[in-house]
Amino acid sequence: KERDVVGIVKVIKSYHPDPTDKTNRFGMVRVSQYKSLKKRVNLDQIKNDTRLKHLALVRQSRLSVMPIDKKSWTIICNLGGIK
């Protein structure tokens with residue numbers, strides 16, 4: 001099971017209930033591809049980078065969409081080969 005950051009997406013529909021979840025516990029956002037990274041950034045790289053230890057992704061690795069601060073964004077983009 002791959003857990004890599006492979007690109008940047010744009011949110012095209014904000015949070016709404018997941019229509020496939022009969023329990024009504026889960027929600028979703030709709031996204032579209034914006035830009036691919038030149039190099040994949042895997043979860044281990046992120047977890048092992050002390051500059052990124054504060055990210056929710058490090059504590060809860062199943063996240064696919066999360067807020068990120070500008071400094072962390074720049075670090076991950078640089079790891080992925082884009083400026």
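How many helices and how many strands does the protein chain have? Let's warm up with that one and go on from there. The model is predicted, so local features need pLDDT of at least 70 and side-chain atom pairs count only at pLDDT 80 or more, while totals for chains, interfaces and linings use all residues. Residues are numbered from 1 along each chain as its sequence is written, and side-chain values use heavy atoms, with hydrogens and water left out.

**Exercise 1. Work out the fold order.**

Step 1: Count the elements, taking helices (H or I, at least four residues) and strands (E, at least two) as DSSP runs numbered from the N terminus. The protein chain has three helices and two strands.

Step 2: Read them off from the N terminus, and you get β-β-α-α-α.

Step 3: Put a box around the C-alpha atoms along the principal axes; its sides are roughly 40 × 25 × 25 Å.

**Exercise 2. Describe the chain as a whole.**

Step 1: Sort residues by relative accessible area, where buried is under 20%, exposed is over 50% and partly exposed is in between (1.4 Å probe, protein chains only). Of the 83 residues in the protein chain, 22% are buried.

Step 2: Look at contacts (heavy atoms within 4.5 Å). Among those with a separation of 6 or more, 48% come from residues 24 or more positions apart.

Step 3: Tally the charges, with Lys and Arg as positive and Asp and Glu as negative, leaving out His and the chain ends. There are 19 positive and 7 negative side chains. Place each charge at NZ of Lys, CZ of Arg, CG of Asp or CD of Glu, and the centres of the two sets lie 5 Å apart.

**Exercise 3. Find what packs under helix H3.**

Step 1: Pick out the buried residues of H3: Ser-72, Ile-75, Ile-76 and Cys-77.

Step 2: Recall some helix geometry. An α-helix has 3.6 residues a turn, so residues three or four places apart point the same way.

Step 3: Ask which elements the buried residues of H3 pack against. They pack against S1, S2 and H1.

Step 4: Check the other side of the ledger. Lys-70 is also in H3, but this residue counts as exposed because its relative accessibility is 69%.

Step 5: Move past the helix. H3 is followed by Gly-81, with a positive phi near 85°. Lys-83 lies in the segment after H3 and counts as exposed at 89% relative accessibility. The C-alpha atoms of Lys-83 and Leu-37 are 9.9 Å apart, with their positions 46 residues apart along the chain.

**Exercise 4. Take a closer look at two asparagines.**

Step 1: Where is Asn-24 found? Asn-24 sits in the loop between S1 and S2.

Step 2: Check its backbone. Phi of Asn-24 is near 60°, a positive value in a residue other than glycine.

Step 3: Is Asn-24 buried or exposed? Asn-24 has a relative accessible area of 64%, which means exposed.

Step 4: Now try Asn-48, in helix H1. Asn-48 is exposed too, at 63%.

Step 5: Set its distances side by side. C-alpha to C-alpha, Asn-48 and Val-58 are 9.2 Å apart in space and 10 residues apart in sequence. For Lys-70 and Asn-48, the figures are 19 Å and 22 residues.
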